[in-house]
Amino acid sequence: MASTKVHNQKAWWLVLPVVLLVAFNAVIPLMAVVNYSVQETFGNNEFFFEGVRWFKDVMQSARFRESLLRQLLFTAIVLAIQLPLGVAIALAMPRKGIGVSICLVLMAMPLLIPYNVVGAMWNIFALPDIGLMGWGLNRLGLDFNYTRQPVSAWVTLVAMDVWHWTSLVVLLTYAGLSAIPDAFYQAARIDGASKWAIFRFIQLPKLKHVLLIAVLLRFMDSFMIYTEAVVLTGGGPGNATTVLSIDLVKIALGQFDLGPGAAMSLIYFLIILLLSWLFYTVMTRGDEN
Amino acid sequence: MAAIHLKQLRHSYRAQPRDDVAADWALRGLDLQWRDGGAYALLGPSGCGKTTLLNLISGLLQPTHGRVLFGERDVTALEPGERNIAQVFQFPVVYDTMSVFDNLAFPLRNRGVAAADVERRVHEIAAMLDLEDRLTHRASGLTADGKQKISLGRGLVRSDVAAILFDEPLTVIDPHLKWRLRSKLKELHQRVGLTMVYVTHDQTEALTFAEQVVVMIDGQVVQAGTPVELFERPRHTFVGHFIGSPGMNVLPCAVDAAGVARLDGHAVPVASRSPAAARDKKTELGVRPEFVRFADGGLPVRVERVSDVGRFRIVDARLGEHLVKALIAEGQKVPSDGGHLAFDAARTQLYADGWIVD
């Protein structure tokens with residue numbers, strides 16, 4: 001059969017803007033990082049090829065492993081709190097009436113506050129002498145001081161992230177719940193289903209896809225947390241809250257070790273990509289029909 | 001036992017409905033009595049309150065006024081799960097993550113039925129619905145008619161269920177599968193002897209399914225009767241319009257002092273015995289196209305259009321300012337231009353303000 005397709009090479013010009021945008025926005029910066037990651041420099045714009053040396057160094061350094069472990073722990077804790085909590089709040093929110101708008105506005109509020117402001121707010125809020133939270137905890141007899149004790153610092157960091165981001169899970173879940181037709185609840189009432197059974201067999205399955213999005217967004221964001229953590233603890237006390245991004249900035253900009261910094265960036269990027277793919281694959285397993 | 005008795009049922013979706021404002025009420029008061037094991041249809045246009053009525057019976061809604069009785073038992077205050085009814089919805093409801101077997105077993109397991117009994121009942125019902133070979137499949141993978149069978153099966157599987165309510169269950173089913181599911185329903189009705197109530201806006205579904213059809217409009221019952229009664233003697237012009245294809249001719253007419261109905265000046269004999277009583281109301285003649293024929297004398301008309309629909313022809317005939325439809329069987333003559341129409345007097349009704357004059 002003869003092809004009737006019209007070949008018009010001029011159409012490529014229409015694709016050009018997007019190609020340029022992606023190139024300058026993503027590909028070229030990433031290539032620059034790749035470029036730095038395989039070279040050594042002593043200033044004066046002189047570079048020497050080093051191969052995979054920086055990658056080996058980073059992978060073998062105890063410092064990187066510790067930052068990575070802190071990062072994984074932080075992400076695991078906030079995901080374990082924010083997802084169930086977000087779903088629970090969404091389930092408890094009113095479905096109609098004036099309460100809906102009030103709840104939605106209240107929920108959206110933390111999401112609208114700039115990251116460094118969130119850090120500053122919690123920095124002050126948790127101060128043991130004048131901050132409401134820090135002062136209150138000490139009044140309750142707890143020894144709370146986030147600038148001196150690692151546990152206090154972690155509690156504050158996690159509390160801040162929960163306050164800042166649980167709303168995202170709530171809003172996504174609430175939208176997902178609103179999309180479930182009434183007939184499902186009505187059928188469940190007639191079938192004599194308990195509240196738990198309704199959650200387990202209707203709501204949770206129907207929420208699967210919004211929860212997948214929530215997990216991916218929260219995973220990626222929490223794994224890259226920087227601004228709020230720097231403003232709140234600056235990675236301290238000691239290195240107690242030095243997560244990957246903070247460590248990376250210390251190496252690349254603080255010590256100006258461009259090679260190791262670039263190698264670490266790429267490893268960081270690959271870990272996020274790998275874990276996101278893992279979450280996605282596990283959660284969409286058995287979706288083919 | 002599930003004879004269903006509805007006593008002075010009224011329902012409003014408003015918090016404070018005003019008694020005298022009709023628009024506040026989704027159901028404006030109805031009394032109905034249905035026998036155990038009967039097949040009933042609720043027929044009416046969208047928004048007429050038929051789904052509201054169904055939800056009141058199943059207990060998904062609590063009536064603002066009135067009572068619902070199953071047999072002798074007052075169930076008005078009971079939860080849907082506590083009533084011995086099941087309901088099938090417009091859009092098939094299946095529990096996606098469960099297998100077909102687990103779907104059918106769900107209502108029994110929720111009620112703490114022993115595993116062996118669950119097993120036996122589910123297989124029994126699956127055989128009845130031709131689902132046996134798919135029991136282990138994921139329910140979400142089934143087609144719409146398969147899913148609708150599961151919804152129905154979850155009702156049938158409970159041995160305590162005495163009535164099944166259907167809310168336009170064939171809406172999302174492919175046309176070629178509709179008749180199969182419909183005949184399955186009829187077969188099941190005869191086999192299991194449950195009371196069945198079927199909501200629809202499709203007259204064919206209602207008339208083929210039910211022994212009694214309840215026609216509703218604006219939250220009120222306008223007529224409850226057998227399909228034949230609805231066809232031959234509609235109590236309201238709406239029923240005449242709504243049932244039949246094409247619907248009944250409804251022609252504005254006058255009633256003179258002697259009690260004779262006059263259409264465009266011509267006297268028309270009617271079945272009503274006391275037409276004079278309707279004189280000062282808005283009067284109309286109702287006659288189905290099936291009961292209109294061409295004759296040598298009668299109402300002089302001009303034929304405007306003839307549509308051939310196979311076994312018969314639909315003739316649009318002009319009588320003064322009225323348009324009269326007539327159904328003319330194959331082989332009978334239709335005059336090409338002018339002619340005379342005769343109405344079957346026994347089936348020509350007089351209506352006053354929309355309601356039949358006896």
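This is a short tour of a predicted model, moving through chain B, its contact with chain A, and two spots in chain A.

**Stop 1: chain B as a whole**

Start by showing chain B alone as a cartoon. You will find 8 helices and 22 strands there. Along the principal axes, its C-alpha atoms fill a box of roughly 75 × 50 × 30 Å. If you colour by burial, 42% of the 358 residues of chain B count as buried. A contact map of chain B is worth a look too: among contacts with a separation of 6 or more, 67% join residues 24 or more positions apart.

Now colour chain B by domain. The domain assignment gives domain 1 as 4–232 and domain 2 as 245–356. Between the C-alpha centres of these two domains of chain B the distance is 39 Å.

**Stop 2: an open sheet in chain B**

Next, select the strands E6, E7, E8, E3, E9 and E10 of chain B. In the order E6-E7-E8-E3-E9-E10 they make an open sheet of 6 strands with mixed pairing. At its edges sit E6 and E10 (220–225) of chain B, each of which pairs on one side only. From one strand to the next, the twist averages 15°.

Zoom in on E3 (residues 39–43) and E8 (residues 195–200) of chain B, which run parallel and pair over 5 bridges. To find your place, pick Leu43(B): its bridge partner in E8(B) is Thr200(B). Then add helix H4 (residues 144–156) of chain B, which packs on the sheet and touches E6 and E7 (163–167) of chain B. The direction of H4(B) makes about 175° with that of E6(B).

**Stop 3: a hairpin in chain B**

Select residues 312–319 and 322–329 of chain B, the strands E18 and E19, which pair in the antiparallel sense over 8 bridges. Across this pairing, Arg313(B) stands opposite Ile328(B) of E19(B). Which residue of the hairpin takes a positive phi? Gly320(B) does, near 60°, in a hairpin with 2 residues between the strands.

**Stop 4: where the chains touch**

Bring chain A back into view. The contact takes 16 residues from chain A and 22 residues from chain B. On the chain B side, strand E6 (85–88) and helix H2 (100–110) each supply at least two residues. H2(B) gives the largest share of that side, 3 residues. Coloured by class, the side of chain B that touches chain A shows 10 nonpolar, 7 polar and 5 charged residues.

**Stop 5: helix H12 of chain A**

Turn to residues 258–283 of chain A, helix H12. Its 26 residues reach 37 Å from first C-alpha to last, close to the 38 Å expected at 1.5 Å a residue. The buried residues of H12(A) include Leu258(A), Met264(A) and Tyr268(A). Among the elements of chain A that cover the buried residues of H12(A) are helix H1 (12–37), helix H3 (62–92) and helix H11 (244–254).

**Stop 6: Tyr146 of chain A**

Finish by centring on Tyr146(A), in the loop between helix H6 (132–139) and helix H7 (150–178) of chain A. Why does Tyr146(A) count as buried? It counts as buried because it has 28 C-beta neighbours inside 10 Å, where 20 would be enough. Leaving out residues up to four places away in sequence, Tyr146(A) touches Ala126(A), Ser152(A), Ala153(A), Thr156(A) and Thr233(A). Last, draw a distance from Tyr146(A) to Pro237(A): they are 91 residues apart along the chain, with 7.6 Å between their C-alpha atoms.

Methods: Residues are numbered from 1 along each chain as its sequence is written. Chains are lettered from A and ligands numbered from 1 in the order in which they are written. This is a predicted model: local features need pLDDT of at least 70, side-chain atom pairs count only at pLDDT 80 or more; totals for chains, interfaces and linings use all residues. Two residues are in contact if their C-beta atoms, placed from the backbone, lie within 7 Å. Helices (H or I, at least four residues) and strands (E, at least two) are DSSP runs, numbered from the N terminus. Ala, Val, Leu, Ile, Met, Phe, Trp, Tyr, Cys and Pro count as nonpolar, Asp, Glu, Lys and Arg as charged, and the others, Gly among them, as polar. Domain bounds come from an automatic or database domain assignment. The expected span of a helix is 1.5 Å times one less than its number of residues. A residue is buried if 20 or more other C-beta atoms lie within 10 Å of its own, exposed if 12 or fewer, and partly exposed in between; C-beta atoms are placed from the backbone. Two strands pair if DSSP finds at least two bridges between them. Axes are lines fitted to C-alpha atoms, for helices over the stretch in contact, and angles run from 0 to 180 degrees between N-to-C directions.
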